[in-house]
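Here is a quick walk through a two-chain model, written for someone who would rather look than calculate. Keep the viewer open as you read.

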Amino acid sequence: MTDQNEPKKDEFPQPAQLSPEARAAQKRRNLWLGLALLAFVVLVALTTFIRLSTGTGIAGRM
Amino acid sequence: MTEMTATEEKRHGTAGDYVQLMKPRIMMLVVFTAVAGLVAASGVTGISMHPLMAAIAVLAVALGSGAAGAINMWYDSDIDLVMKRTSTRPIPSGAVPRDEAIAMGLIMSGVSVMLMWLASNWLAALLLAFSIFYYGVIYTMWLKRSTPQNIVIGGGAGAFPPVIGWAAVTGNTPLDAWILFAIIFFWTPPHFWALSLLAHGEYQKAGVPMLPVTHGAKATRFQMLAYTVILLAVSLTPVMTGLGGWVYAVVAAVLGIGFLSFAVRVWRSKAGDSDAAPADMKLARSMFLFSILYLFLIFAAVIAEHGAGLYFPLTGGVR
């Protein structure tokens, strides 16, 4: 026995279909976000390295 | 506030739209004055900062400025849509969704404060956090729509960068740092009101209580003159404390007289009045442009003296 209200398979929400322009814009945004994240990691690593090499640790800044 | 776009057609945001969200022209002035504070602190105290750490501290100030700009554009998207001058900004034009703008503003705020703390000290990071809060919340969300003194009090937000730069180097904020703050603070009203004399109709349409809208153009022109006189006096105090030498003194005096000349001519004109001649409006615009040059050259003189070895003291100073 099946439920009459149960949606058929083809009625399930489908992933959003982006236009080629929207897809390209999304890819560009993702690329910039990735680069920004990488830059942030590099900057944190650099500041940590300089602090350690110059002998001014976290405690020294407090 | 509701989601609004100037055009029905969907636009896909480019990297340029996200850069515009950070108000890059304001960011340039913010970075320049922060560098001046950093260089002056180093020159006056003799304390040096690791060049890379100094660069990261300056980057943190730039990011903080961009974050505050994004928060401002997020909150003001409704009035930006109404005003012609701002209707092409990323949110009202539909290029950037509002929720993305606020997310960007908040994330960049956190990143900038954290980077500042890592690159310098907690005081500089705290001042940066407060300046973002000052611009994004105190000015944008509270003062701008509630009082004609909005840009006078709100000007404090834009005045913080040299203090932050100074604190990044020394870990404290002496009188000289606050004098640089005061120069920007008293520069802001005549600078911004010169622009609002040209666009007060737009502000009225958007319901923003700018001084020309609430008190009229004549009262605005008088207050511009009053603040310019105060600015002229404040801009010469670095000479008394020893922060400014001969180069600074000459630059500040000459530019100050030029700024005062503009303020007097605008005060005597009908700029902003309904029967103002085109020449009057042109004069207000010229004063606005001159004010940008003024601030740039004043802080360039500070950098030249303390960063390029052009400091020739006039007095022993009171420091």
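Does α8(B) pass α9(B) in a left-handed or a right-handed crossing? The crossing is right-handed, a term used when the near helix is turned clockwise from the far one by less than a right angle (anticlockwise would be left-handed).

Before going on, some housekeeping: this is a predicted model, where local features need pLDDT of at least 70 and side-chain atom pairs count only at pLDDT 80 or more, while totals for chains, interfaces and linings use all residues. Residues are numbered from 1 along each chain as its sequence is written, with chains lettered from A and ligands numbered from 1 in the order in which they are written.

**The helix pair.** Helices here are DSSP runs of H or I with at least four residues, and strands are E runs of at least two, numbered from the N terminus. In chain B, α8 (residues 161-170) packs against α9 (residues 175-206) at about 160°, and their axes are 8 Å apart. That makes the two helices roughly antiparallel, the label for angles over 145 degrees. Axes are lines fitted to C-alpha atoms over the stretch in contact, and angles run from 0 to 180 degrees between N-to-C directions. From α8(B) come P162(B), V163(B) and W166(B), which meet A177(B), W178(B), L180(B) and F181(B) of α9(B); contact means C-beta atoms, placed from the backbone, within 7 Å. The residues of this contact are seven nonpolar, no polar and no charged.

**Two residues to click on.** Burial is a count of other C-beta atoms within 10 Å of a residue's own: 20 or more is buried, 12 or fewer exposed, and in between partly exposed.

| Residue | Location | Other C-beta atoms within 10 Å | Status |
|---|---|---|---|
| I298(B) | α14 (residues 278-307) of chain B | 25 | buried |
| K23(B) | loop between α1 (15-21) and α2 (24-45) of chain B | 19 | partly exposed |

I298(B) touches I183(B), S235(B), V251(B), A252(B) and L255(B), leaving aside residues up to four places away in sequence. K23(B) has a positive phi of about 50°, although it is not a glycine.

**Where the chains meet.** Chain A has two helices and zero strands, and buried residues make up 3% of its 62 residues. On the other side, 13 residues of chain B are in contact with 14 residues of chain A. The elements of chain B giving two or more residues to this side are α3 (51-75) and α5 (98-119), and α5(B) has the largest share, with four residues.

Technical notes:
Contact = placed C-beta atoms within 7 Å. Parallel < 35°, antiparallel > 145°, perpendicular 65-115°, else oblique. Nonpolar A, V, L, I, M, F, W, Y, C, P; charged D, E, K, R; others polar.
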